[in-house]
Amino acid sequence: MSELLVDFITSLDGYASGEGWPGFWGLEGPEYLAWLGEQPEVTYLMGANTYRLMSGFAVGEVPEGQDEFRPEEEASVDELTRASKVVFSSSLEAPLTWANSTLVRDGAVEAVRAMKSSGSGLLSTIGSLSLCRSLLRAGLVDRFRVVMFPVITGATGAERIYDGYPDVALEMIEHRTFDGRIQLVEYKPRVLEHPPLGAPA
């Protein structure tokens, strides 16, 4: 059975990106980049908006406000191009042009449920805030990982990650600091029907 990881990189105040900021907020360091390079092979899951954005990067479209990609950003996009990707969309047309991408038009929740039960290895989301929210609500997420970068993007932040989420209890299973400034926290999530009525035992 496959395991599903929801994986975010965020500002401290919970934004997935910020207008005018480079990838990784320009704060990635050697420890963090080395850790990224050690990650196991995964199949990435994404929605149409993330696909359009990332496949654009793969053919050289540079984010607004940048003249060119930094080497770290190029390496990240190249890795994504090589990886297997499943894209959930009713608006995109097959065949998808980005290498190693498969289009699924069925409902994402049922499709991912089937992928988990019939497959092996690791499934991981990338971006795709509404997809992540749907998969979490459905109880399909095994691990919830956030890497927080030491910036607050209150004026320029875009894509607030947790808006619309249910209440979720999180059991910590991993934590780590990279380069003395980037914080990883990883949890086993449990969606709550209501807030707990008393203090933890």
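**Figure 1. The second largest pocket of this predicted model has a volume of about 170 Å³.** Sixteen residues is a fair number to label, so start with those closest to the pocket centre: of the 16 that line the pocket, these are Phe144, Val146, Tyr162, Leu170 and Tyr187. Strand 1 (3-11), strand 7 (143-149), strand 9 (168-178) and strand 10 (182-191) each put at least two residues into the lining. Strand 7 gives the most, with three residues. Sorted by class, the lining holds twelve nonpolar, three polar and one charged residues. Here Ala, Val, Leu, Ile, Met, Phe, Trp, Tyr, Cys and Pro count as nonpolar, Asp, Glu, Lys and Arg as charged, and the others, Gly among them, as polar. A pocket is an open set of points on a 1 Å grid over the protein atoms alone where a 1.4 Å probe fits, with protein on both sides within 12 Å along at least five of seven lines, and lining residues have an atom within 4 Å of a point. Grid points are joined across faces, edges and corners, and the volume is the space filled by probe spheres set on the points.

A word on the numbers: this is a predicted model, local features need pLDDT of at least 70, side-chain atom pairs count only at pLDDT 80 or more, and totals for chains, interfaces and linings use all residues. Residues are numbered from 1 along each chain as its sequence is written, and side-chain values use heavy atoms, with hydrogens and water left out.

**Figure 2. The whole chain, for orientation, has five helices and ten strands.** Helices (H or I, at least four residues) and strands (E, at least two) are DSSP runs, numbered from the N terminus. The radius of gyration is 17 Å, close to the 17 Å that the globule rule gives for 201 residues, so the chain is as compact as a globular protein of that length. That radius is taken over C-alpha atoms, and the globule rule is 2.2 Å times the number of residues to the power 0.38. Along the principal axes, the C-alpha atoms fill a box of roughly 55 × 40 × 30 Å. Of the 201 residues, 41% count as buried, where buried means under 20% relative accessible area, exposed over 50%, and partly exposed in between (1.4 Å probe, protein chains only). Among contacts (heavy atoms within 4.5 Å) with a separation of 6 or more, 72% join residues 24 or more positions apart.

**Figure 3. Arginine 145 sits in strand 7 and counts as buried, at 8% relative accessibility.** Its side chain makes a polar contact of 3.1 Å with the side chain of aspartate 7. A polar contact is a pair of N or O atoms within 3.5 Å; within protein, one must be able to donate a hydrogen and the other to accept it, and residues adjacent in sequence count only if both atoms are side-chain atoms. Setting aside neighbours within four places in sequence, arginine 145 is in contact with Leu5, Val6, Asp7, Phe8, Trp35, Gln39, Leu184, Val185 and Glu186.

**Figure 4. Leucine 5 and threonine 10 are both strand 1 residues.** Leucine 5 is buried, with a relative accessible area of 2%, and threonine 10 counts as buried at 1%. Leucine 5 and leucine 122 are 117 residues apart in sequence, yet 7.3 Å apart in space, C-alpha to C-alpha. Beyond four places in sequence, the contacts of leucine 5 include Leu122, Thr125, Phe144 and Arg145. With the same kind of neighbours left out, threonine 10 touches Tyr15, Trp25, Val146, Val147, Met148, Phe149 and Ile161.

**Figure 5. Phenylalanine 24 lies in the loop between strand 2 (15-18) and helix 1 (30-37).** This residue is buried, with a relative accessible area of 10%. Its phi is positive, about 60°, although it is not a glycine. Phenylalanine 149 is 125 residues away in sequence and 7.5 Å away in space, C-alpha to C-alpha. Not counting residues up to four places away, phenylalanine 24 touches Ile9, Tyr32, Leu36, Arg70, Glu72, Ser76 and Phe149.

**Figure 6. The loop between strand 4 (84-88) and strand 5 (101-104) holds proline 95.** The peptide bond from alanine 94 to proline 95 is cis, with omega near -5°. Asparagine 100 is found in the loop between strand 4 and strand 5 too. Phi of asparagine 100 is near 65°, a positive value in a residue other than glycine. Asparagine 100 is partly exposed, with a relative accessible area of 43%.
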